[in-house]
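Q: Could you pick one part of this molecule and take me through it slowly? I would like to see how its pieces fit together, and then how that part relates to the rest.

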Amino acid sequence: MATFPTPYDGSSRPFTIGLKPIDSACWIAPGVDLLEMLAEKDRLNREIPALVFVEEADTRGAQAELAELLAGHLVAAQPATYRREGNLLTVAGTRQIDLASPDRPPLLSAAALVADDLVLMRKDASGWRLVSASLCFPSSWTLSEKFGRPLQQIHNPVPGFGEGTRTADVIQRIFDNLRPGQPVVRWNWSLQSDRTLYKPLSSTQRDERAVARPPRFADGAASAFIRVERQTLRKLPASGDIVFTIRINLDPMLALDAHPDGSRLAAGLAAQLSGLDAAQLDYKGFNADRDRLVEDLLRIAARQP
């Protein structure tokens, strides 16, 4: 549990921007589940390629720029895991990725190196648009609905983040002012009822869920999994495009019971759930289960030493 920092402990509040600069050496976080995540990416790209990859025709140059930047970073920052010979990168001694392969877009080659999903954003007259992405592990959104759209439209479903809000304007300025070589990071979390990594959700499905408010966690904490997203933004120096990375960490909620800091973490998550308003609960899909989950978390917090 807690391979990454846990944003539900109060360090990153939900429905806030929460971006913080990080050392460029820490851009991509290592993880013991790397090969497992890459195998799942392989399966999804093989079985549902049109649902997990999109590109605009003129993005291949930026994709190649990202692939080179990422490869150089990984070899330097994680030399025990990545080795390069020419255009070939060996990952964990078991996988070889050809960065110059003519058989697939460079973004797919880059995404085959890391557990993170990779999204390219480009600025034009409408703002920063999603122009290419390898998204195998969406957290309750769909690539087809966001492809080609500017940030403010992408964030429309999020309470307080949509077009015309102050938060949307702040995000736009952050993208405009991002400097090459200075990545930033933020954290997000959600809850789900199984271990599935591929979790798309359309706007229609979200709206229907908000109206019906169905229970999702029949056994409370025993049927809940905590899904943490580590998100980074980094500007590419040549193209000026921005790469948005998303790294998923998934753990059973009951794992908090055995965590050495479980009492504080359970209490922090209970407090964050308690603090969500009706619109935020509908967006997250927690309305029917929030009270039960809070009670279970407080019991975990109370029995921890």
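**A sheet and the helices on it**

A: Happy to! Three strands come together here as an open sheet, with antiparallel pairing and the order β3-β4-β5. At the edges sit β3 (82-85) and β5 (95-98), each of which pairs on one side only. From one strand to the next, the twist averages 25°. Keep in mind as you look that this is a predicted model.

Let's zoom in on one of the pairings. Strand β4, residues 88-91, is joined to β5 by 4 bridges, and the two run antiparallel. To find a matching pair in the picture, start at Thr90: its bridge partner in β5 is Gln96. What packs on this sheet, touching β3, β4 and β5? That is helix α1, made of residues 34-47, whose direction makes about 55° with that of β5. Helix α3, residues 60-77, packs on the sheet too, and touches β3 and β4. Its direction makes about 120° with that of β3.

Helix α3 also lets us try a little check. With 18 residues at 1.5 Å a residue, α3 should span 26 Å, and because its end C-alpha atoms are 25 Å apart, the expectation and the model agree. Which residues of α3 are buried? They are Ala62, Gln63, Glu65, Leu66, Ala67, Leu70, Ala71, His73 and Leu74.

Now let's set this part beside another sheet. This one is open as well, with 7 strands in the order β1-β8-β9-β10-β6-β7-β2 and antiparallel pairing. Its edge strands are β1 (20-21) and β2 (53-55), each pairing on one side only.

Inside that sheet, β6 is a good strand to follow. Strand β6 (residues 117-124) is linked to β7 (residues 127-134) by 7 bridges, and the two run antiparallel. They form a hairpin, with 2 residues between them. β6 also pairs with β10 in the antiparallel sense, over 5 bridges. You can trace both pairings from Met121, which stands opposite Leu130 in β7 and opposite Ile242 in β10. Leu120 gives you another point to find, as it stands opposite Ser132 in β7. β6 is mostly covered, too, with 6 of its 8 residues buried.

Following the sheet into β10, residues 242-252, we come to Asn249. Is Asn249 buried or exposed? The relative accessible area of Asn249 is 8%, so this residue is buried. The side chain of Asn249 has company as well: a polar contact of 3.0 Å joins it to the side chain of Asp251.

Finally, step back to the whole protein, which has 11 helices and 10 strands. Along its principal axes, the C-alpha trace spans about 55 × 45 × 35 Å. A compact globule with 305 residues would have a radius of gyration near 19 Å, and because the protein has 19 Å, the two agree. Of the 305 residues, 53% count as buried. Among the contacts with a separation of 6 or more, 73% come from residues 24 or more positions apart. For a last look, return to where we began: the sheet β3-β4-β5, with α1 touching β3, β4 and β5 and α3 touching β3 and β4.

Note on methods: Residues numbered from 1 in each chain as written. Predicted model: local features only at pLDDT ≥ 70, side-chain atom pairs only at ≥ 80, totals over all residues. Heavy atoms only, no water. Pairing = 2+ DSSP bridges. Axes fitted to C-alpha atoms, helices over the stretch in contact; angles between N-to-C directions. Contact = heavy atoms within 4.5 Å. Expected span 1.5 Å × (residues − 1). Buried < 20%, exposed > 50% of the residue type's maximum accessible area, 1.4 Å probe, protein only. Polar contact = N/O pair within 3.5 Å; in protein donor to acceptor, adjacent residues only side chain to side chain. Rg over C-alpha atoms; globule rule 2.2 N^0.38 Å.
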